[in-house]
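Got your viewer open and a selection box ready? Let's walk through this one stop by stop, picking a few atoms at a time.

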Amino acid sequence: MWPYPKIVAHRGGGTLAPENTLAGLRAGLAHGFHAVEFDVMLSRDGIGMVIHDPDFGRTVGGQGSVATSTAAELAAMDAGSWFGPAYAGVTIPRYTDFIAYCRAEQIWMNVEIKPADGFEAATGEWVAKMTRDHFPEELAAGDPAKLPLLSSFSYAALAAARDAVPELPRGYLLDRLPDNWLAQAQALGAVAIHTNQRHLTAAQAAAIKQAGYGLFCYTVNDPARAREILGWGVDGFCTDRIDLIGPAFA
Ligand code: G3P
Ligand code: MG
């Protein structure tokens with residue numbers, strides 16, 4: 001039900017490096033992580049970029065947005081200075097940069113499809129097809145453990161990913177479990193439910209596991225809470241505190 005790593009570095013290297021950057025991946029590796037979650041959004045010219053916010057202002061300075069900038073423009077933008085001067089010049093990566101790094105270092109990927117408003121289906125389809133193109137042998141082998149796991153809060157994005165490349169595994173991201181979560185997960189052909197650890201209850205965890213789904217939580221930074229939800233049957237979670245909760249945490 002969950003053939004993937006149990007502890008996953010959130011947004012690259014959690015809070016130890018600028019999120020969604022190659023520097024983040026390096027920080028994760030330095031802490032022994034071979035599993036990462038990150039966010040992918042389409043540029044104006046339809047290229048997947050690794051970034052969380054649709055609008056500039058937080059990790060990228062100035063005004064503007066991902067969906068109205070080209071990939072070349074985005075790839076030249078400083079996504080490191082906000083974190084600290086040592087990271088000045090760290091840029092917004094393309095999804096393909098992350099794939100290359102993760103393949104080279106054998107890092108498992110939970111790829112969160114993070115569409116800007118109005119680009120849900122386009123983003124889901126693009127991420128699925130690009131992932132398919134980079135994992136041909138793994139797809140042919142049919143071993144889910146060797147494949148990235150696509151996830152999204154957007155039903156439309158996951159439906160588009162399913163339609164484009166049905167054989168890539170999908171996780172359905174839900175902040176709070178709605179009453180119809182099971183019907184939606186079934187319709188999406190999801191293999192896992194990804195949910196906010198803040199709102200998860202033991203009874204919900206049991207229901208998800210009983211229904212045969214993997215159960216993944218975001219974002220767990222407190223070791224005591226981590227132990228509690230693992231005791232409920234949670235299969236894995238991502239963490240910002242890669243320094244506090246290591247890859248072998250139990
Ligand atoms: O994929 C889990 C988690 O990353 C979802 O929240 O806002 O950090 O992308 P966010
Ligand atoms: Mg995310």
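**Stop 1: under the cover of α6**

Start by selecting helix α6: its buried residues are covered by elements that include β4, α4 (120–134), β5 (149–152), β6 (170–174) and α7 (181–188). Keep in mind throughout that you are looking at a predicted model. Now narrow the selection to the buried residues of α6, a helix spanning residues 155–164: Ala-157, Leu-158, Ala-159, Ala-160 and Ala-161.

From that list of covering elements, pick α7, and within that helix click on Ala-187. Is Ala-187 buried or partly exposed? With a relative accessibility of 38%, Ala-187 falls in the partly exposed class. Leaving aside residues up to four places away in sequence, Ala-187 touches Tyr-155 and Arg-162. Draw a C-alpha to C-alpha distance from Ala-187 to Tyr-155 and you should read 9.8 Å, for a pair 32 residues apart in sequence.

**Stop 2: the metal**

Next, select ligand 2, the magnesium ion, and show what coordinates it. You'll find Glu-37 (OE), Asp-39 (OD) and Glu-112 (OE), at 1.9 to 2.2 Å. Along the chain, those donor residues follow the spacing E-x1-D-x72-E. Asp-39 belongs to strand β2 (residues 35–42) and Glu-112 to strand β4 (residues 108–113), so this pair ties together parts that are 73 residues apart in sequence. Color by accessibility and both Asp-39 and Glu-112 come up as buried.

**Stop 3: ligand 1**

Stay in this region and select ligand 1 with its surroundings. Which residues are around ligand 1? They are His-10, Arg-11, Glu-37, Asp-39, His-52, Glu-112, Lys-114, Phe-153, Leu-173 and Tyr-218. That list includes Glu-37, Asp-39 and Glu-112, which you just met as donors to the magnesium ion.

Turn on distances for the polar pairs:

- Glu-37 puts a polar side-chain atom 2.6 Å from an oxygen atom of ligand 1.
- Glu-112 has a side-chain N or O atom 2.8 Å from an oxygen atom of ligand 1.
- Lys-114 has a polar side-chain atom 2.8 Å from an oxygen atom of ligand 1.

If you like surface numbers, ligand 1 taken alone exposes 290 Å², and the protein buries 91% of that.

**Stop 4: backbone oddities**

Switch to the backbone and check some torsions. Most residues other than glycine have a negative phi, and most peptide bonds are trans. With that in mind, select Arg-11, one of the residues around ligand 1. Its phi is positive, about 55 degrees, although Arg-11 is not a glycine. Arg-11 sits in the loop between β1 (7–9) and α1 (22–30), and with a relative accessible area of 19% this residue is buried.

Slide along to Asn-20, placed in the loop between β1 and α1. Here, too, phi is positive at about 55 degrees, and Asn-20 is not a glycine either. Asn-20 is buried, at 2% relative accessible area.

Then jump to the peptide bond from Tyr-218 to Thr-219: it is cis, with omega near -25 degrees. Thr-219 is in the loop between β8 (214–218) and α9 (223–231).

**Stop 5: two threonines**

Thr-219 is among the contacts of your next pick, Thr-239. Find Thr-239 in strand β9 (residues 236–239). How does its burial come out? Thr-239 is buried, with a relative accessible area of 0%. Its side chain makes two reaches to the backbone worth displaying: to the oxygen of Val-220 at 2.7 Å, and to the nitrogen of Arg-241 at 3.0 Å. Not counting residues up to four places away in sequence, what Thr-239 touches includes Ile-7, Val-8, Ala-9, His-10, Phe-33 and Ile-245.

For the other threonine, select Thr-59 in the loop between β3 (48–50) and α2 (71–75). Thr-59 is buried at 9% relative accessible area. With residues up to four places away in sequence left out, Thr-59 touches Glu-19, Ile-51, Asp-78, Ala-79 and Trp-82.

**Last stop: zoom out**

Finally, select residues 5–249, where UniProt places the feature "domain: GP-PDE" in an unreviewed entry. The end C-alpha atoms of that span lie 11 Å apart, and its make-up is 33% helix and 18% strand.

Terms used: Residues numbered from 1 in each chain as written. Chains lettered and ligands numbered in written order. Predicted model: local features only at pLDDT ≥ 70, side-chain atom pairs only at ≥ 80, totals over all residues. Heavy atoms only, no water. UniProt positions renumbered as here; feature names shortened; annotations may be inferred. Helix = DSSP H or I, 4+ residues; strand = E, 2+ residues; numbered from the N terminus. Donors = N, O, S within 2.8 Å, 3.2 Å for Na, K, Ca; no water. Buried < 20%, exposed > 50% of the residue type's maximum accessible area, 1.4 Å probe, protein only. Polar contact = N/O pair within 3.5 Å; in protein donor to acceptor, adjacent residues only side chain to side chain. Contact = heavy atoms within 4.5 Å. Near = heavy atom within 4 Å. Areas by Shrake-Rupley, 256 points an atom, 1.4 Å probe, with all protein chains shown as cover.
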